[in-house]
Structures are given as structure tokens and as C-alpha cells.
Amino acid sequence: MPKTPIKTPKEIERIRDCGALVAETLAKAGEMCKPGVTTQDIDNFVREFTLKNGAIPACLGYKGFPKSVCTSVNEVVTHGIPGLYMLKEGDIINVDITSILNGYHADSSRTFFVGEQKPNAVELVTVARECLFEGIKVCEQPGARISDIGAIITGIAEEHDFSVVRDYCGHGIGKKFHESPEVSHCRSFVPGPRIEPGMVFTIEPMINEGTPKVRLLEDKWTAVTADGKLSAQWEHTIAITPHGVEILTLAR
Ligand code: MF3
Ligand code: CO
Ligand code: CO
């Protein structure tokens with residue numbers, strides 16, 4: 001694994017500026033998640049709102065990804081491609097937005113409820129959110145390692161008989177969309193690198209109702225659960241500062 005880049009306060013400021021825009025875009029996209037809205041409608045909004053604010057949708061054209069945002073509905077674990085799918089009552093949808101502002105990326109996602117929910121979906125989405133925030137909290141502990149994030153997340157998921165996706169990880173972020181460190185959400189017996197001031201990375205646990213196994217669709221992007229059961233994900237970009245952890249993808 002390459003060494004994790006250490007960012008200057010100026011660089012973190014840039015990522016924070018971008019993060020505020022991502023947070024605003026994500027909140028507005030979340031308000032759109034109602035029955036009858038298509039995932040393409042969400043893509044159109046994200047692209048236009050991002051560009052209007054002087055930023056670039058990082059997903060568009062990234063390694064050939066065809067749209068400006070990832071929309072992952074129900075059994076879709078991650079990297080769902082917006083299209084003709086029309087949201088319906090009872091769906092859950094993860095909207096994952098990454099923008100580039102003044103050369104710096106910020107990346108955040110949330111899972112939204114479309115209308116009335118069954119209790120199992122509410123529990124899954126709530127637990128996935130808790131996994132993210134407990135993962136963030138662990139980074140505050142003196143001497144914490146990257147591997148402590150996966151340990152806490154896996155413990156929470158297991159308490160609820162849910163599973164943690166192994167195939168996709170959090171990542172360092174800055175001028176690049178994805179860089180070191182790799183942030184596994186799983187338990188590992190190999191101690192990871194120490195979490196140090198100046199590191200900027202995402203935590204983005206994908207929590208499944210059933211099997212952690214995923215299957216890739218023909219489009220080579222959309223990852224679905226192997227058993228067709230639900231998956232939920234939450235993501236923030238965080239900075240490690242001398243004073244603690246700062247979430248960079250918050251609205252101002
Ligand atoms: N935003 C995703 C992540 O959390 C990556 C999406 S890559 C894309 O890392 F190409 F699918 F957009
Ligand atoms: Co993301
Ligand atoms: Co990410």
C-alpha cells in the first residue's frame with residue numbers, strides 16, 4: 001500500500017468547501033426521493049446543480065461511469081447507474097455524490113426512504129448510519145488505526161445479524177477521487193496504519209440484510225446483493241486534524 005498523503009490546512013479547506021456543496025446537493029437530492037421520480041431525474045438535478053455552483057460531477061466519465069451520481073436502490077449495494085427506474089413507495093435509495101471544486105474532491109452518500117417503510121428496511125438503514133458514525137468516532141481515539149474502523153463497524157452489524165460488504169472500501173481523497181489509505185469496513189487481524197493528522201479519507205460502510213456477497217451486473221458497475229436482499233450505505237469524507245476528527249461533507 002502506498003503511503004497516505006498528508007494534507008495541509010489549506011488543502012483541507014478546499015475539500016471542506018467542496019464538501020459543503022456536496023452536502024447541499026445531497027440534501028436536495030434526498031428531497032426528490034419520492035414515488036414517481038426516476039433515478040435519471042436525480043442525475044439531471046445533481047449534474048445541473050453541481051455545474052451551476054462552479055463544480056464538476058466527479059462520477060461523470062470516471063473510469064467510464066456514464067452518469068453524474070450513483071443511485072443504488074434496494075438490493076443494489078453500490079454504483080447503481082441512474083436511468084428509467086421510477087421510485088416507488090417502500091424503496092430505499094442510496095444517493096452517492098462526489099464533486100470536484102477548485103481541483104479538490106469531496107464524497108458523501110446517504111440512504112433515503114421512499115415513502116412508508118417496512119421495519120426491516122428502517123433497521124438496516126439506521127444501523128448502516130450508526131456504523132458510519134461509530135466508525136468516525138473511533139478515529140478520535142488516541143493511537144487509533146485504520147483497521148479499528150472495520151472492527152467497530154463489523155461488531156455493530158453483527159449485533160443486528162447484518163453483514164458487511166467486503167468488496168468495496170473507503171478511500172483517501174483530495175486532488176484524486178481515490179487514493180491511500182484503503183479503509184476496509186470489515187474486521188481484520190492485520191493492524192492497519194495509524195490514523196494521523198492531515199489524513200483525509202472516506203468511511204462508507206455498505207451493510208447487507210443477508211449475505212455480504214455481491215454480484216456485478218452486465219453493465220460492469222451495478223453491484224447487487226447475491227441473495228437479492230436489501231443493502232444500505234452511508235458515507236462521509238473526514239479529515240484528521242490536530243484537534244480531532246472533522247466531517248468535511250456537512251452543509252453550512
Ligand atoms: N462515490 C463512490 C465512492 O464512494 C465512487 C463512485 S465511482 C463511479 O467511492 F464511477 F461509480 F462514479
Ligand atoms: Co461515494
Ligand atoms: Co467514496
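## Two cobalt ions

The cobalt ion (ligand 2) and the cobalt ion (ligand 3) are 3.3 Å apart, and Asp-107 coordinates both. Donors here are N, O and S atoms within 2.8 Å of the metal (3.2 Å for Na, K and Ca); water is not among the atoms, so sites may look incomplete.

This is a predicted model, in which local features need pLDDT of at least 70 and side-chain atom pairs count only at pLDDT 80 or more, while totals for chains, interfaces and linings use all residues. Residues are numbered from 1 along each chain as its sequence is written, chains are lettered from A and ligands numbered from 1 in the order in which they are written, and side-chain values use heavy atoms, with hydrogens and water left out.

## Site of ligand 2

Asp-96 (OD), listed twice, coordinates the cobalt ion (ligand 2) together with Asp-107 (OD) and Glu-235 (OE), at 2.1 to 2.4 Å. Along the chain, these donors follow the spacing D-x10-D-x127-E.

The 6 donor atoms around this ion subtend angles of 57 to 166°, which makes the arrangement irregular. Six donors count as octahedral if opposite donors are over 155 degrees apart and all others between 65 and 115; four count as square planar by the same angles, or as tetrahedral if all angles lie between 85 and 135 degrees; anything else is irregular.

## Site of ligand 3

The cobalt ion (ligand 3) is held at 2.0 to 2.2 Å by Asp-107 (OD), His-171 (NE2), Glu-204 (OE) and Glu-235 (OE). The spacing of its donor residues in sequence is D-x63-H-x32-E-x30-E. This site is also irregular, with angles of 52 to 162° among 6 donor atoms.

## Surroundings of ligand 1

Around ligand 1 there are 14 residues, of which Cys-59, His-171, His-178, Glu-204 and Glu-235 come nearest. A residue is near a molecule if one of its heavy atoms lies within 4 Å of it.

Polar side-chain atoms of Glu-204 and Asp-107 each lie by an oxygen atom of ligand 1, at 2.7 Å for Glu-204 and 3.0 Å for Asp-107. An N or O atom in the side chain of Asp-96 is 3.1 Å from a nitrogen atom of ligand 1. Such polar contacts are pairs of N or O atoms within 3.5 Å.

Note on methods: A polar contact is a pair of N or O atoms within 3.5 Å; within protein, one must be able to donate a hydrogen and the other to accept it, and residues adjacent in sequence count only if both atoms are side-chain atoms.
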